[in-house]
Amino acid sequence: MHTAADVLIAGRWRLVDATHDPALAAAGLTVAEWDGLTDTVPAYEPQGPL
């Protein structure tokens with residue numbers, strides 16, 4: 001199971017998902033990137049409700 005957080009940024013709710021620390025990308029793990037303003041693009045395809 002995996003969860004992510006919704007956070008309120010500038011009056012809008014945004015999906016924030018740390019999935020894997022960026023340093024782990026060197027080991028071949030998928031890493032989600034986040035610009036700090038918009039929704040995180042999930043590193044893996046969701047298998048249930050968001």
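How many helices and strands does the secondary structure of the protein chain come to? I looked this up before anything else: zero helices and two strands. A reminder to myself is that this is a predicted model.

**The chain as a whole**
I noted 50 residues in the protein chain, with 14% of them buried. For the accessible surface I wrote down about 4100 Å², and carbon and sulfur atoms account for 58% of that. I also checked the contacts with a separation of 6 or more, and 22% of these join residues 24 or more positions apart.

**The two strands**
Next I followed the strands. β1 covers residues 5-9 and pairs with β2 in the antiparallel sense, over five bridges. Together β1 and β2 make a hairpin that leaves two residues between them. In that turn I found A10 with a positive phi of about 50 degrees. I also looked across the pair and saw that A5 stands opposite V16 of β2.

**A closer look at R14**
R14 caught my eye, and I placed it in strand β2, which runs over residues 12-16. Is R14 buried or exposed? I found it buried, yet without a salt bridge. The nearest side chain of opposite charge belongs to D39, 4.3 Å away. Since a salt bridge needs the charged atoms within 4 Å, that distance does not qualify, so R14 goes without one.

What does the side chain of R14 reach at 3.1 Å? I traced it to the backbone oxygen of L37. Leaving out residues up to four places away in sequence, I listed the neighbours that R14 touches: A5, D6, V7 and I9, then L37, T38 and D39.

Conventions
Residues are numbered from 1 along each chain as its sequence is written. This is a predicted model: local features need pLDDT of at least 70, side-chain atom pairs count only at pLDDT 80 or more; totals for chains, interfaces and linings use all residues. Side-chain values use heavy atoms; hydrogens and water are left out. Helices (H or I, at least four residues) and strands (E, at least two) are DSSP runs, numbered from the N terminus. Buried means under 20% relative accessible area, exposed over 50%, partly exposed in between (1.4 Å probe, protein chains only). Lys and Arg count as positive and Asp and Glu as negative; His and the chain ends are not counted. A polar contact is a pair of N or O atoms within 3.5 Å; within protein, one must be able to donate a hydrogen and the other to accept it, and residues adjacent in sequence count only if both atoms are side-chain atoms. Contact means heavy atoms within 4.5 Å. Two strands pair if DSSP finds at least two bridges between them. Accessible areas come from the Shrake-Rupley method with a 1.4 Å probe; for residues, only the protein chains shown count as cover.
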